[in-house]
Amino acid sequence: MSISAPITHRPLFWPRLSAVSALALLAAPRLTPLAAQAPSAKPAFAVPSWAFPTAPAKPNTGPAPRPDSVVLQHVPNSTRAFTMKQVGNAFDIPDWFPEAHPPMPAPAQYGGTRPNGRACGFCHLPDGQGRPENSTLSGLPAAYIRQQVKAFRDSTRLAANPAAATNSMHLLARSVTDDEVALAADYYAALRLTRRNIVREVAQVPKTHVEGMLYAYDRVDGTADTSAGTEPIDGRLIEVPVSFARHELRDPTVPYVTYVPVGSIARGRRLATRGPAGAATTCTVCHGPQLLGKDLVPPIAGRSPSNILRQLMNFRSGARHDSASVTMAPVVERLTVSDMVSLAAYVGSLAPSAPVRRAVLHSK
Ligand code: HEC
Ligand code: HEC
């Protein structure tokens, strides 16, 4: 299937998501109607604010404390040590496992033009595993990576929740040259994605709060435990690092647990294999038999479920409207939030590369 299908009915109604919508989203409890603006007969779609976790800005209490430059930090199975100052250096990034990947090209390790041309590896990590709040890059087709950076640059790729702090890619995309992006794209495309996520079907989820752009367990040390209490999953998809401290240290091996409602994975499998709107929208038609990507269509298997979910919402709301995204438009057109949660749970639970293996844990 060609990914350059002609633009037929895709309304580019993103500009109508005005500052008012942005404010409404900020103030939203759980659901904010966004797509009431859609001119077509598509069913209304509400972007749930929980899918785009963004911690409120902290009150300005003067200059931020300087990161520690004395105490050496460690992560499991790495012989290296960095201070928090080094961990936070976006122009010469920490690399806990240099043996796990070929040498990084300069844009991945040192970045481009300051102050916004940060190193790709700062956010997407040296081995391209990425973090749930941004994206995995390893194993994406190089041409797709270049195309997406271009879409961020010309703002044809936005986020369905304008309040979400994913703007870093827009500033970034305007601060790197095409040559720098090409070097990074070739590097990341040649790497393999490894599994880091566990999908858990639950009725009750451990209590969490938002840190930056991610959920963290309420427990003081940020590790999985229910001693801080649980709450109903209530139709949500909540992805949490098993250790927030390791996430903050940019440890590429920290596992993430994704909590979804009971029955999501089987439901997602049905939607993915039968197609949400008939055979033509079966995910495997375009993303390949094991959803590991095909030609320019990106792999989706085994990637961060919360990111998959946000992308489905980005397509559905029209926020992602670059030329290739029109191919996804009919796929998402009739999906409900619950359908998307199920698809993200199923897709995320698959192996990110052959051979197929599943790591799906069900709640007791
Ligand atoms: C400051 C953090 C940051 C840096 C540095 C950064 N990115 Fe990103 N990147 C993001 C975020 C956040 C997203 C997700 C945006 C979204 O989905 O709305 C993203 C998404 C992407 C995507 C989309 C992937 C997909 O699956 O569609 C590509 C491609 C990408 N970045 C490439 C790069 C390259 C190449 C560099 C270096 C030249 C880079 N990024 C540097 C934060 C960053
Ligand atoms: C008709 C072809 C087609 C079908 C069917 C299809 N996709 Fe896609 N998908 C694409 C293309 C092309 C892109 C890249 C869009 C772009 O470049 O903006 C994409 C992108 C995506 C992305 C974003 C990945 C990223 O890296 O950000 C997700 C998630 C996704 N598809 C999920 C699905 C799911 C789930 C299904 C089945 C319910 C599905 N797709 C069915 C063609 C398709």
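A polar contact here is a pair of N or O atoms within 3.5 Å, and R320 makes one with ligand 2: an N or O atom of its side chain is 2.8 Å from an oxygen atom of that ligand. Keep in mind that this is a predicted model. Two ligands take up most of this briefing, with a few aromatic and cation-over-ring arrangements to round things off.

**Around ligand 2**

- The shell around ligand 2 holds 27 residues, and the closest are C283, C286, H287, R320 and M328.
- R320 isn't just on that closest list; its side chain also supplies the 2.8 Å contact to a ligand oxygen.
- H287 has a polar side-chain atom 2.8 Å from a nitrogen atom of ligand 2.
- For Q148, an N or O atom of the side chain is 3.0 Å from an oxygen atom of ligand 2.
- Elements giving two or more residues to this shell are α5, α10 (283-287) and α11 (305-317).
- Of the elements around ligand 2, α11 gives the most, with four residues.
- Sorted by class, the ligand 2 shell comes out as 17 nonpolar, seven polar and three charged residues.

**Around ligand 1**

- Ligand 1 is surrounded by 22 residues, with C120, C123, H124, R157 and M169 the closest.
- Two arginines reach oxygen atoms of this ligand: the side chain of R157 has an N or O atom at 2.7 Å from one, and R303 puts a polar side-chain atom 2.7 Å from one.
- S135 joins in through its side chain, where an N or O atom is 3.1 Å from an oxygen atom of ligand 1.
- Helices α4 (120-124), α5 (142-153) and α6 (168-173) each supply at least two shell residues.
- The top contributor to the ligand 1 shell is α5, with five residues.
- That helix also turns up among the elements around ligand 2, giving two or more residues there.
- The class split for ligand 1 is 11 nonpolar, seven polar and four charged residues.

**Cysteines**

- Is C120 buried or exposed? Its relative accessibility is 18%, so C120 counts as buried, the cut-off being under 20%.
- C123 has a relative accessible area of 26%, so this one is partly exposed.
- If you're setting up topology, note that the structure holds zero disulfides.

**Aromatic pairs**

- There are three aromatic pairs in the structure.
- One of them is F82 with W96, an edge-to-face pair at 4.8 Å centre to centre and 85° between the planes.
- That pair links distant parts of the chain, 14 residues apart: F82 sits in the loop between β2 (46-48) and α2 (84-87), and W96 in the loop between α2 and α3 (106-109).
- F82 and W96 are both buried.
- Why is the Y217 and Y259 pair edge-to-face? The planes are at 80°, and over 60 degrees counts as edge-to-face; the ring centres are 6.4 Å apart.
- Since Y217 lies in strand β6 (residues 214-217) and Y259 in strand β9 (residues 256-261), this pair ties together parts 42 residues apart in sequence.
- Y217 and Y259 are both buried as well.

**Charges over rings**

- R114 has its charged end over the ring of F91, 4.1 Å from the ring centre.
- R250 does likewise with F122, where the charged end sits over the ring at 3.8 Å from its centre.

Technical notes
Residues are numbered from 1 along each chain as its sequence is written. Chains are lettered from A and ligands numbered from 1 in the order in which they are written. This is a predicted model: local features need pLDDT of at least 70, side-chain atom pairs count only at pLDDT 80 or more; totals for chains, interfaces and linings use all residues. Side-chain values use heavy atoms; hydrogens and water are left out. A residue is near a molecule or strand if one of its heavy atoms lies within 4 Å of it. A polar contact is a pair of N or O atoms within 3.5 Å; within protein, one must be able to donate a hydrogen and the other to accept it, and residues adjacent in sequence count only if both atoms are side-chain atoms. Ala, Val, Leu, Ile, Met, Phe, Trp, Tyr, Cys and Pro count as nonpolar, Asp, Glu, Lys and Arg as charged, and the others, Gly among them, as polar. Rings of Phe, Tyr and Trp (its six-membered ring) pair if their centres lie within 6.5 Å; planes under 30 degrees apart count as stacked, over 60 as edge-to-face and the rest as tilted. Buried means under 20% relative accessible area, exposed over 50%, partly exposed in between (1.4 Å probe, protein chains only). A charge sits over a ring if NZ of Lys or CZ of Arg is within 6 Å of the ring centre and within 35 degrees of the ring normal. A disulfide is a pair of cysteine sulfur atoms within 2.5 Å.
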